[in-house]
Amino acid sequence: MLGIKLKLAAISFVIGGLVMATVMASKWSLGSSKGTTRMMSLGTAKFMVPRKGESKVLLNDPSVLKNWGLMGTGGQSDIRADAAWAITTGNRQVIAAIVDTGVDTTHPDLANNVWVNPGEIGIDEQGRDKKTNNIDDDKNGYTDDVNGWDFVNNKAIIIDNHGHGTHIAGIIGAVGGNGIGLSGVCPKISLMALKYYDPTSKGNDNLKNTVRAIRYAVKMGAQIINYSGGGTEPDDDEFDAIKFARDNGVLFVAAAGNERSNSDVAPYYPADYSLDNIISVTAINAVAQVLPSSNYGVRSVHIAAPGENIYSTLPNGQFGQMTGTSQATAFVSGVAALILSHNNEFNYVQVKRQIMSTADEMTELRGKTATSGKLNSYAALAIQPNVAMTGINSVGNVNNSIGVISSAREQGDNGPNAGMLTDLVQALRASTKLSQQQPPPEPTRKGAGEKSRL
Ligand SMILES: [Ca+2]
Ligand SMILES: [Ca+2]
Ligand SMILES: [Ca+2]
């Protein structure tokens, strides 16, 4: 019961984020020039400045630049998505489950990226639409579960009457290149909507629903599970469900939590279970500072990603900002999806290694994460073994984009990929350095003295 209460407490912070989203949406402006100035003055990260030979892609979504976490700080805090998209813009075969408050699956900038259960579409033997025939056609225990499931109300139609889950969905995979709204980190993807929490439902067991949702995601083929909730009390069933995910090769991307604490000392679950398929993510602002509200920890928190005033989708076709480690977590899930789009045979170990070993080391993040690093989507893709085959030459094949905005390829001296090769060398050096630190020791699930924290 204590665990349940703590989960609810975590959500209340998120509600604050939603309030801010509605208030701040109209005030937001892109400060790219200021960001560049700060970048130069701090000058601590690798990969910050576009190099010759590097291509970028800007999709035709009109508000794509409003999410500064994608691009706009010159690589200081953003994940360099425009450079990543020159390598891949995703793949609908990659499935990311969003275990959250639900997803507005009809949002115009999400609908085409919502997962569709192949076992619940088409026509049944009586000529009825399987989506609505009130029959569990694929016999998975859930009737008409076309896009996921609402575990709170036990129904197939998923309503997000909070907003958090829809916001997370948009960060991971709002439809890119459709001329509407913005783009997710992974412009093409399948988003599985699994609702475990509803602020209007009294007394629902969100921990139990979390466990059911995780198991559903694994059984239905998700390769990535995004989970932004949590609490300071561990739970055996939750641990077992994430272990089940691991045993089935599923990556579990978890928010480090918004408890303002050092997770090495005060673990937060599920982020801090001792399971190697978990990536724990903390949040940074546009100048690479960990947010005061965000948990951190050199042993327990793996990586930092953008999490302040992030612009994304909201229910009923709306858009707005939210803040927290939830948002940062979604960036990492999106990059995991890009990696799997580019190398679908990768297992969770390889995906996690790509993400961690290519993080930009930053002085601001020393003492905050195991990598001292910030998520870099471009580097996470660029050091893949087959980069020489697919690399930046695929830039012309991006569907629906308005094209290359920066393609300063040098046809002379070192050839078209010279800049990328420089990146590769730097990234591999970083990878080697990090490999000596991995795997970071993670806190035990039920360590001595845990009760004293509560
Ligand atoms: Ca079913
Ligand atoms: Ca059905
Ligand atoms: Ca869009």
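**Exercise 1. Place Ala-255 in the fold and decide whether Ala-255 is buried or exposed.**

Start with the secondary structure: Ala-255 belongs to strand S6, residues 251–255. Strands (E, at least two residues) and helices (H or I, at least four) are DSSP runs numbered from the N terminus. A word on the model before we go on: it is predicted, so local features need pLDDT of at least 70 and side-chain atom pairs count only at pLDDT 80 or more, while totals for chains, interfaces and linings use all residues. Residues are numbered from 1 along each chain as its sequence is written, and chains are lettered from A and ligands numbered from 1 in the order in which they are written.

Next, burial. A residue is buried if 20 or more other C-beta atoms, placed from the backbone, lie within 10 Å of its own, exposed if 12 or fewer, and partly exposed in between. Ala-255 is buried because it has 31 C-beta neighbours inside 10 Å.

Finally, look at the surroundings. Contact requires C-beta atoms, placed from the backbone, within 7 Å. Leaving out residues up to four places away in sequence, Ala-255 touches Ser-228, Gly-230, Ala-271, Val-281, Thr-325, Ser-326 and Thr-329. Asn-295 is 40 residues from Ala-255 along the chain, with 8.9 Å between their C-alpha atoms.

**Exercise 2. Do the same for Ile-279: which strand holds it, and which residues is it in contact with?**

Ile-279 sits in strand S7, residues 278–284. Ile-279 is buried, because 25 other C-beta atoms lie within 10 Å. Beyond neighbours within four places in sequence, its contacts are Leu-251, Val-253, Ala-254, His-302, Ile-303, Val-332, Lys-352 and Ile-355. Of these, take Ala-254: 25 residues separate it from Ile-279 in sequence, and 6.0 Å separates them in space, C-alpha to C-alpha.

**Exercise 3. Describe how helices H7 and H8 pack.**

Two packed helices are described by the angle between their axes and the distance between the axes. Axes are lines fitted to C-alpha atoms over the stretch in contact, with angles from 0 to 180 degrees between N-to-C directions. For H7 (residues 325–342) and H8 (residues 348–357), the angle is about 120° and the axes are 10 Å apart. That makes H7 oblique to H8, since angles under 35 degrees count as roughly parallel, over 145 as roughly antiparallel, 65 to 115 as roughly perpendicular and the rest as oblique.

Now the residues: H7 contributes Val-332, Val-335, Ala-336, Ile-339 and Leu-340, and H8 contributes Val-351, Gln-354 and Ile-355.

Key
Contact = placed C-beta atoms within 7 Å.
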